[in-house]
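Me: I would like to go through this model one question at a time, with the reasoning kept short. Please give the cut-offs as the terms come up.

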Amino acid sequence: APGLVVFDLDDTVWYPEMYMLRGAPFRSVSATEVEDCSGEAVTVYDGARRAITQIVAGVDGGGETLVAYASRTECGEWAEECLRLLSVPGPGGQGKVSLWDAAAHKEIYEGSKVQHFEALQRKTGLEYDEMLFFDNERWNITEVGRLGVRCMYTPGGMTEEHWAEGVRMFE
């Protein structure tokens with residue numbers, strides 16, 4: 001199993017992208033949906049929800065897999081608010097865990113994703129080839145892939161197939 005699973009946020013974990021919204025305050029509609037101040041819904045993709053749920057539950061083969069986010073959004077405060085309001089079921093289906101609390105590390109700031117991964121490598125001590133990365137932008141996949149990170153391209157958002165294929169890279 002990967003030591004670290006890293007998710008891009010905009011159009012990988014959720015849709016729409018933060019820059020397309022009117023912004024805070026956000027309000028929770030359900031575990032997988034929040035609304036911005038204008039009532040625009042931000043919805044979590046099924047594949048991302050399934051992946052994070054499985055990692056939180058520890059069903060990835062018993063390995064100690066961590067979750068991280070790597071996002072280049074200019075709207076980091078909005079992204080943080082959404083992560084705190086959205087959730088997945090807790091271990092054993094008990095209670096719920098916010099997407100914020102599900103992640104050991106959050107690298108949410110502008111700049112190259114290479115910077116995000118260099119920071120994650122320093123913080124976790126993991127090798128790049130122990131990391132699995134999901135992103136909807138081909139450029140990010142190319143750049144991060146050069147580091148030796150195993151990457152899954154997720155155009156149009158993360159699906160359950162993307163998750164299954166990513167996990168298979170570690171079998």
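Me: Which residue in β4 is the bridge partner of S28?

Reply: This is a predicted model, in which local features need pLDDT of at least 70, side-chain atom pairs count only at pLDDT 80 or more, and totals for chains, interfaces and linings use all residues. Residues are numbered from 1 along each chain as its sequence is written, and side-chain values use heavy atoms, with hydrogens and water left out. Strands are DSSP runs of E with at least two residues, and helices are runs of H or I with at least four, both numbered from the N terminus; β3 and β4 (residues 33-35) run antiparallel with three bridges between them, where pairing takes at least two DSSP bridges. R27 has E35 as its bridge partner in β4, and the bridge partner of S28 there is V34.

Me: Through how many residues does the hairpin join β3 to β4?

Reply: β3 covers 27-30, and β4 covers residues 33-35. The two strands are joined by a hairpin, and the number of residues it runs through is two.

Me: Which strands stand at the edges of the open sheet of four strands?

Reply: The open sheet has antiparallel pairing and the order β2-β5-β4-β3. An edge strand has a single partner strand, so one side is left without a neighbour in the sheet. The strands in that position are β2 and β3.

Me: Which proline follows the cis peptide bond from A24, and where does it lie?

Reply: Cis peptide bonds, with omega about 0°, join Y15 to P16 and A24 to P25. P16 is in the loop between β2 (14-15) and β3 (27-30). The loop between β2 and β3 also holds the proline asked for, P25.

Me: Is D11 buried or exposed?

Reply: D11 sits in the loop between β1 and β2. Its phi is near 60°, a positive value in a residue other than glycine. Buried means under 20% relative accessible area, exposed over 50% and partly exposed in between, with a 1.4 Å probe and protein chains only. The relative accessible area of D11 is 13%, so D11 is buried.

Me: Which residue in β10 stands opposite V6?

Reply: In β1 (residues 4-7), L4 and V6 point one way while V5 and F7 point the other way, and all are buried. β1 runs parallel to β6 (residues 66-71) with four bridges, and L4 stands opposite L66 there. β1 also runs parallel to β10 (residues 131-135), again with four bridges. Opposite V6 in β10 is F133.

Me: Is the packing of α4 on α5 roughly parallel, roughly perpendicular or oblique?

Reply: Two packed helices are described by the angle between their axes and the distance between the axes. For α4 (residues 113-124) and α5 (residues 138-145) the angle is about 45° and the axes are 9 Å apart; axes are lines fitted to C-alpha atoms over the stretch in contact, and angles run from 0 to 180 degrees between N-to-C directions. Angles under 35 degrees count as roughly parallel, over 145 as roughly antiparallel, 65 to 115 as roughly perpendicular and the rest as oblique. That angle therefore makes α4, relative to α5, oblique.

Me: How many of the residues in the contact of α4 with α5 are charged?

Reply: K113, V114 and F117 in α4 meet N140, E143 and V144 in α5, contact being heavy atoms within 4.5 Å. Ala, Val, Leu, Ile, Met, Phe, Trp, Tyr, Cys and Pro count as nonpolar, Asp, Glu, Lys and Arg as charged, and the others, Gly among them, as polar. The residues divide into three nonpolar, one polar and, for charged, two.

Me: Against which elements do the buried residues of α5 pack?

Reply: N140, I141, E143 and V144 are the buried residues of α5. They pack against α4, β10 and β11 (150-153).

Me: Which residues does H105 contact, leaving aside neighbours within four places in sequence?

Reply: H105 is found in β9 (residues 105-108). Its relative accessibility is 17%, so H105 counts as buried. Its contacts are V67, A68, Y69, L120, K123 and T124.

Me: What distance separates the C-alpha atoms of A164 and G47?

Reply: A164 lies in α6 (residues 160-168) and, at 32% relative accessibility, counts as partly exposed. A164 and G47 are 117 residues apart along the chain, and their C-alpha atoms are separated by 9.0 Å.
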